[in-house]
Amino acid sequence: SSDLIADNDTGGTITLNAVDTGWYDSTGFHSPTNPNYLVGDNTTALYRNWFTFNLPTLTAPIVSAQLKVNTFDYDSNSGTSETYQLREVTTAVPTLTAGGSGLTAIYNDLGDGAIYGSRDYTNADDNQIRTIDLNAAAISALTAKSGQAFALGGLVTTLDTISNNEYVFGFSNSVVPADVQLILNTGTPLPVITVVANDADAGEPANPGQFTLTRTEIGRAHV
């Protein structure tokens with residue numbers, strides 16, 4: 001027989017307001033004083049957007065995550081819905097938020113890389129705060145950026161080839177903290193488990209009678 005000792009730390013929900021928001025148009029322009037996060041086509045240009053957050057140092061694994069965003073205005077002349085997709089951002093956050101002109105590499109970055117989640121928008125979403133579930137790739141990226149600045153990029157993937165209104169988050173100039181939030185749901189940290197054997201013949205040679213177990217998934221542990 002043996003005695004098992006494990007920690008009982010639990011996680012919780014971490015709500016982070018966006019530190020900054022914005023867009024880059026297809027010419028690579030962004031004004032750092034403009035928090036508007038329009039995305040899509042408004043007949044004058046194509047836009048991709050971004051959101052930045054300061055992540056705390058995580059003390060428990062992220063088990064799920066969501067982005068909550070105020071839609072403000074949706075418009076589409078090409079159909080009944082438009083698909084907004086979140087993407088990985090490799091541009092350094094200070095460079096992203098600084099803005100400037102001719103920064104087409106940043107515009108491209110906001111629409112490539114790993115997909116982090118998506119949502120279909122319709123007229124019913126006008127002026128509503130909607131939730132976008134983030135996937136495993138996003139959770140992995142968030143975990144890797146524990147204690148650092150983190151950015152999400154976005155684009156509309158259903159644009160047609162005509163210059164017309166197909167956008168989400170229009171007129172999002174007056175952004176308040178609750179308009180864009182990152183929700184991190186954390187779980188129980190992986191415990192350190194000590195098994196003390198009652199059998200004097202059991203155990204590791206260097207430490208008779210004691211094993212160290214590491215849990216690799218809920219309900220299972222390996223010696």
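**Exercise 1.** In this predicted model, decide whether Tyr37 and Phe51 are buried or exposed, and classify their ring pair.

Solution. Step 1: Tyr37 and Phe51 are both buried. Step 2: rings pair if their centres lie within 6.5 Å, and planes over 60 degrees apart count as edge-to-face. By the program's rule there are 9 aromatic pairs. Step 3: the ring centres of Tyr37 and Phe51 are 5.3 Å apart and the planes stand at 70 degrees, so this pair is edge-to-face. Step 4: Tyr37 is in the loop between strand E3 (20-25) and strand E4 (39-42), while Phe51 is in strand E5 (residues 46-54), so the pair ties together parts 14 residues apart in sequence.

**Exercise 2.** Classify the ring pair of Tyr121 and Phe169, and state where each residue lies.

Solution. Step 1: the centres of the two rings, Tyr121 and Phe169, are 5.6 Å apart with planes at 75 degrees, so the pair is edge-to-face. Step 2: Tyr121 belongs to strand E9 (residues 115-121) and Phe169 to strand E12 (residues 165-170). These distant parts of the chain, 48 residues apart, are linked by the pair. Step 3: buried means under 20% relative accessible area. Tyr121 has 0% relative accessibility, so Tyr121 counts as buried. Phe169 also has 0% relative accessibility and therefore counts as buried.

**Exercise 3.** Which residues do ring pairs link into a cluster, and where does the charged end of Arg119 sit?

Solution. Step 1: the cluster linked by ring pairs holds Tyr37, Phe51, Phe72, Tyr84, Tyr121 and Phe169. Step 2: Arg119 places its charged end over the ring of Tyr121, 5.0 Å from the ring's centre. Step 3: Arg48 lies over the face of Tyr107, 4.3 Å from the ring centre.

Terms used
Residues are numbered from 1 along each chain as its sequence is written. This is a predicted model: local features need pLDDT of at least 70, side-chain atom pairs count only at pLDDT 80 or more; totals for chains, interfaces and linings use all residues. Side-chain values use heavy atoms; hydrogens and water are left out. Rings of Phe, Tyr and Trp (its six-membered ring) pair if their centres lie within 6.5 Å; planes under 30 degrees apart count as stacked, over 60 as edge-to-face and the rest as tilted. Helices (H or I, at least four residues) and strands (E, at least two) are DSSP runs, numbered from the N terminus. Buried means under 20% relative accessible area, exposed over 50%, partly exposed in between (1.4 Å probe, protein chains only). A charge sits over a ring if NZ of Lys or CZ of Arg is within 6 Å of the ring centre and within 35 degrees of the ring normal.
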